[in-house]
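Work through these three exercises with the model in view. Try each task before reading its solution.

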Amino acid sequence: MVPDVRHFDPDVAVAQVVPLLWRRGWSRTGMEEIVAATGLSRSSLYATFGSKDELCLSALRRYLADHADPAFRQLETDGRGLPAVAAFFGQLIAVRCSGPRARWGCLATNLQVAAEGTNPGVREVLGEHHQHLVTGLAAALRAAEQGGQLRDDVVIDASAEHLALLAQGVNLRSRAGADPSTLRSAVDAALGVLRHPASPATTWPEASPA
């Protein structure tokens, strides 16, 4: 028997929808697939979430909370400066190019280039997500500045925005099959522009797929 709305945990249902959206995309994920993945009836899902769009928006928030926010908080608090930025990109490249979700890209970036990116609710969530990333990168760059790792003419806020755009590029190019070494070379070039001549070059930390 399919459980009714009173007998399931909405958080569990949302978690089951995340990989569908991530792998297939918002528009290509139909309610039939959501019903099959969650084991719930359409009526239960609609009674709880109101619509497919609201359910998918909840799944996007869950994805960001699980897969993006921890890395952004690490950037904000790491304190090592450029090595923290390199560690962030090293882990990003690792999870995008290897492991069980290799070549899926980033759900947030995927939605930005899809039709759903024009949905006001999606745009608001993605805007907050982008700002969180920029804030984390700016904090890491300020730590780098204090540690004498940056060139004197580096503008922190603009450079953080540039690195955030580079992260989106990594997400897109990895999904298209780019080689990890090519992506690391692009990050090396971006960090090289920022780095003080006396500061050590990037060393790529070991990073395991998450």
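**Exercise 1.** Find which side chain of opposite charge is nearest to lysine 52, and how far away it is.

Solution. Lysine 52 is buried (under 20% relative accessible area, 1.4 Å probe, protein chains only). The nearest side chain of opposite charge (Lys and Arg positive, Asp and Glu negative; His and chain ends not counted) belongs to aspartate 53, 5.8 Å away. A salt bridge needs a side-chain nitrogen of Lys or Arg within 4 Å of a carboxyl oxygen of Asp or Glu. Lysine 52 has no salt bridge. Its side chain instead reaches the backbone oxygen of tryptophan 26 at 3.0 Å.

This is a predicted model, in which local features need pLDDT of at least 70 and side-chain atom pairs pLDDT 80 or more, while totals for chains, interfaces and linings use all residues. Residues are numbered from 1 along each chain as its sequence is written, and side-chain values use heavy atoms, without hydrogens and water.

**Exercise 2.** List what lysine 52 contacts, leaving aside neighbours within four places in sequence.

Solution. Contact means heavy atoms within 4.5 Å. The partners are Trp26, Ser27, Thr29, Met31, Ile34 and Tyr46.

**Exercise 3.** Explain why cysteine 56 and cysteine 106 form no bond to their closest cysteine sulfurs.

Solution. A disulfide is a pair of cysteine sulfur atoms within 2.5 Å. Start with cysteine 56: the closest cysteine sulfur, in cysteine 106, is 16 Å away, so it is too far for a bond. Next take cysteine 106: the closest cysteine sulfur, in cysteine 97, is 13 Å away, again too far. The disulfide count comes to 0. Cysteine 56 is buried at 0% relative accessible area, and cysteine 106 is buried at 4%.

Terms used: Buried < 20%, exposed > 50% of the residue type's maximum accessible area, 1.4 Å probe, protein only. Polar contact = N/O pair within 3.5 Å; in protein donor to acceptor, adjacent residues only side chain to side chain.
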